[in-house]
Amino acid sequence: MFAQQRCLPIISFSFAINNFHEYNRYYLVISPALSLVLPLLNIPFLYAGHSTDSVLIKSLKVISVAGWEDEFVITAQRDLLVSLLTIQNMALVIYLTGLIVLIVYMGKSINYIKKLSQIYKREQLYNVKFYNTREPGTPFSFFNLLFWNEKILLSSKKGEQILKHELFHIRAGHSYDIIFIKCITIFCWFNPFYHLVMKELRAIHEFLADEYASSSLDKYDYAELLVTEAIDNKNAFLSNQFFNNQIKRRINMITNHNPSSCSTMRRLMALPLLFILFCAFALRTGERYAVSSNFYNKTAGSITVVVDAGHGGIDAGAHSIDGHLEKELTLSIAQKIKNLSGDYNVNVILTRDKDILPGSASNIKDGLINRTSIAGIDKADVFVSIHINASGPNSTASGFNIYVSGQNKQFDKSKLLGSAISGEIRKTYKIAEELNESNSIWVLKTPPVPTVLILCGFLTDNTDLDFITNGQNQEKIAHNILKGIVNYQHSVSATGGQTEKQALTTDTVPAAEIDRIKKRPASSYNVIFTQLEEEASFPGGPGEWSGYMSKTLKYPKEAIDKKIEGTVIVQFIVDKEGNVSKVEAISGPVSGGLRKEAIRVIKNSGKWNPGKQNGLLVKSYKKQPFSFRLN
């Protein structure tokens, strides 16, 4: 080896190479990384939106849904094999199989290189670890390891050219490029773009090394060397080898390549295109809602808002087929409202800021109490509860809805608040034209302040699901809600705290008539009430009712076997003594025993607290939806 090494000092390591190939090299390394990073960027590019100083809010009509209890969802597991054989799971298995195969193949290649370094003696040439081997596929390099073939003499002209070629790979750090792109290719193996990039990057590496190795020789002599020594070898796929299947292109580049200024200009002209693509993927335009708007900064003082992220902890709420949970989405929206509130001079208090029941409650009932008590403790001005619904498989329900309660002490202001928020959300997504009234929802009727419940779509509707699971759309809704709250505040301030309904009632209806209506005895009504001043309720409230159904309601085995699911609505009467009668299912699947099971649960629920009208106990209708779902 000493005789062979005597030639090494005459080798110059100058890197005077053409920028043409270097440009291609960096482009091929950077472009795959950018293709993965750009979709993740979200650089806001805001413009000042139109604002108005008007605080006139049209109070929306309220559609009563009194007498309804909150929907109860029961889930049953399908057959294990059926539940596993989904398109998503099969796609995941295919992806993981390809990933594992490529990782194993890469591991074998690294292990092969490691094995060679242990078998053969190592010699140090400058900062290069040199191994003289008898292996097929040599010579090749990997980082600062050079695996040589003992049949090629270093002192020969051919040996010197090949050595310069491989040393260039090492000094230029080509192995870093290969490892970086290979890792991307392994994890994104299903995308042919990355495999093409890998193939082209290898070729560029060879062009660069060939250009350097042939710089002091006749290019045709070097081309002749490539032709005469080209062999079919089995080298480690992570290495940079001298002999490979790019011979024809390498010879063409050596003998014909003479890049002109025009080719350089063509590459520079690609920069504006890359800038446009960057803007298209990374920048997000949107209205600047509050920062520069005089309207929102004119608020006399900050308004305090309790924002309630529905459910949480052990109470997951509704869920979509692909596993999106209501409790996670409502929390995400609530947190965005909190983060943006400073721009609107709004003080936001969250009932929960993580996946727990409010106040770290251990059960749903205590969680409900904790939610509504916050408004009084912190002297809030309004209460906003965020929820997302789900419906049966044959339902077409979709879009946003806003609920208010006639039993809330601030009913008129609640309607004004709901109308203000609805008007803003309508600019972003579809929402019901009217407000809905429910007198059985605890978080609506209990807070001592104007209260609304915003139902942010249905997880069972694909359009709603795609919209509300998008983080940017959640931020838009957060802006809408905050903007509506500020509009409401201005409207109340402009009318001295008196709502439109209060003014009309006082001005147009004689006081004597109002008193006469209020004093009318409930016993004079020979009807069963559908809407009351105080709805019939289960003893203990919503928490106890939910706990009773969780323990009692069972998914019928017949329905599981026949894969039947759906929503059953049960209507029943609660009389003046609290007895339940005339229990019947008015909708839902007829077969499978779902209706029968829902009726059984209502009949066995015991005595209820009867409804009241004008202070007297009366008969009333109640409706309870049961959602049976196969998970």
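**Exercise 1. Determine whether Arg-25 and Asp-177 are buried or exposed, and describe how Arg-25 is paired.**

Step 1. Arg-25 and Asp-177 are both buried, where buried means under 20% relative accessible area, exposed over 50% and partly exposed in between (1.4 Å probe, protein chains only). Arg-25 counts as buried because its relative accessibility is 6%.

Step 2. This is a predicted model, in which local features need pLDDT of at least 70 and side-chain atom pairs count only at pLDDT 80 or more, while totals for chains, interfaces and linings use all residues. Residues are numbered from 1 along each chain as its sequence is written, and side-chain values use heavy atoms, with hydrogens and water left out.

Step 3. Arg-25 forms a salt bridge with Asp-177, with 2.5 Å between the closest N and O atoms; a salt bridge is a side-chain nitrogen of Lys or Arg within 4 Å of a carboxyl oxygen of Asp or Glu. Arg-25 lies in helix α2 and Asp-177 in helix α6 (residues 174–187), so the pair ties together parts that are 152 residues apart in sequence. Helices (H or I, at least four residues) and strands (E, at least two) are DSSP runs, numbered from the N terminus.

Step 4. Arg-25 also forms a salt bridge with Glu-22, where the closest N and O atoms are 3.9 Å apart. Glu-22 and Arg-25 both belong to helix α2 (residues 19–37) and sit three residues apart, about one turn of the helix. Glu-22 is buried, with a relative accessible area of 14%. Glu-22, Arg-25 and Asp-177 are thus linked in a network of salt bridges.

**Exercise 2. Describe the salt bridge between Lys-557 and Asp-561, and state the total count of salt bridges.**

Step 1. The side chains of Lys-557 and Asp-561 meet at 2.9 Å, N to O.

Step 2. Both residues lie in helix α22, four residues apart, about one turn of the helix. Lys-557 counts as exposed because its relative accessibility is 59%.

Step 3. The count comes to twelve salt bridges.

**Exercise 3. Find what surrounds the charged side chain of Glu-437.**

Step 1. Glu-437 lies in strand β14 (residues 435–437).

Step 2. Glu-437 is buried yet has no salt bridge, and the nearest side chain of opposite charge, Lys-415, is 7.5 Å away. Here Lys and Arg count as positive and Asp and Glu as negative; His and the chain ends are not counted.

Step 3. The side chain of Glu-437 reaches the backbone nitrogen of Gly-406 at 3.4 Å.

**Exercise 4. Describe the largest nonpolar core and the surroundings of Val-384.**

Step 1. The largest nonpolar core has 48 residues; such a core is a set of buried Ala, Val, Leu, Ile, Met, Phe, Trp, Tyr and Cys residues joined through side-chain atoms within 4.5 Å. Helix α18 (residues 471–494) supplies the largest share of this core, eight residues.

Step 2. Among the residues with the most contacts inside the core are Ile-421, Ile-454 and Ile-481. Neighbours within four places in sequence aside, Ile-421 is in contact (heavy atoms within 4.5 Å) with residues including Val-384, Ile-454 and Ile-481.

Step 3. Val-384 is found in strand β12 (residues 382–389) and counts as buried at 1% relative accessibility. With neighbours within four places in sequence again left aside, the contacts of Val-384 include Val-306, Asp-308, Val-452 and Ile-485. The C-alpha atoms of Val-384 and Ile-485 are 9.5 Å apart, although 101 residues separate them along the chain.

Notes
Polar contact = N/O pair within 3.5 Å; in protein donor to acceptor, adjacent residues only side chain to side chain.
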